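Reader: Could you take me through one part of this model at close range? I would enjoy a connected account of how a helix sits among its neighbours.

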Amino acid sequence: MYLNTLLERRAILGTVSVNSKRQALQLVADMASRLLAQEATVVQHALLEREKQGSTGVGLGVAVPHAALPGLDRMYGFFVRLETPVAYDAIDDLPVDLIFALLAPENAGTEHLRALAKVSRLLRQKELREQLRRVESADAIYALLTGYADSNAA
């Protein structure tokens, strides 16, 4: 699975400022609303409901929120880099500044799990996380994410 099949350049927000996990997930929901013709409130509700099952903060300043939504024809990825990390109830209790959200069709099953695993493995790479925090533009973020992922295709 190649990351460029999940992530489009326009599904990336460079450095944005929020004050909370809820606001960060709202950014993802707003982006999904624009790009996928989904209601932002429906997307945010699905992401927050998933967070109630356990935080998607995977550690090292990274979160991988995800949800299944009706009406999607495939998996979609969204990336947000926060200017200042926010409390996220992550597994290591560190605040989060890198968010890679996945939205899947309701019947995605193992495809959803494979995408989650790929994104989690990718963002465990220290060098990539450091570069994502340094680059200036959304285009550079896209190039980094797809370049790393595709050179390590699983």
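Author: Happily! A word on terms to begin with: contact here means heavy atoms within 4.5 Å. Keep in mind too that this is a predicted model.

With that cut-off, Thr146 touches Leu3 and Asn4, leaving aside residues up to four places away in sequence. Thr146 belongs to helix H5, which covers residues 138-151. Its relative accessibility is 9%, so Thr146 counts as buried, a label that applies under 20%. The Thr146 side chain also reaches the backbone oxygen of Tyr142, at 2.8 Å.

Now to helix H2, residues 40-53. Because each residue should add 1.5 Å, its 14 residues are expected to span 20 Å, and the 21 Å between its end C-alpha atoms agrees with that. Just after H2 comes Gly54, with a positive phi of about 155 degrees.

Within H2, the buried residues are Ala40, Val43, Gln44, Ala46, Leu47, Leu48 and Glu51. Their cover includes helix H1 (21-36), strand S4 (66-69) and strand S6 (96-105).

Let us follow H1 further. Two packed helices are described by the angle between their axes and the distance between the axes. Here the axes of H1 and H2 come within 8 Å and cross at roughly 135 degrees. The two helices are therefore oblique to each other, and the crossing of H1 and H2 is right-handed. On the H1 side, the residues that meet H2 include Lys21, Arg22, Leu25, Gln26 and Val28. Their partners in H2 are found among Ala40, Val43, Gln44, Leu47, Leu48 and Glu51.

Notes. Residues are numbered from 1 along each chain as its sequence is written. This is a predicted model: local features need pLDDT of at least 70, side-chain atom pairs count only at pLDDT 80 or more; totals for chains, interfaces and linings use all residues. Side-chain values use heavy atoms; hydrogens and water are left out. Helices (H or I, at least four residues) and strands (E, at least two) are DSSP runs, numbered from the N terminus. Buried means under 20% relative accessible area, exposed over 50%, partly exposed in between (1.4 Å probe, protein chains only). A polar contact is a pair of N or O atoms within 3.5 Å; within protein, one must be able to donate a hydrogen and the other to accept it, and residues adjacent in sequence count only if both atoms are side-chain atoms. The expected span of a helix is 1.5 Å times one less than its number of residues. Axes are lines fitted to C-alpha atoms, for helices over the stretch in contact, and angles run from 0 to 180 degrees between N-to-C directions. Angles under 35 degrees count as roughly parallel, over 145 as roughly antiparallel, 65 to 115 as roughly perpendicular and the rest as oblique. A crossing is left-handed if the near helix is turned anticlockwise from the far one by less than a right angle, and right-handed if clockwise.
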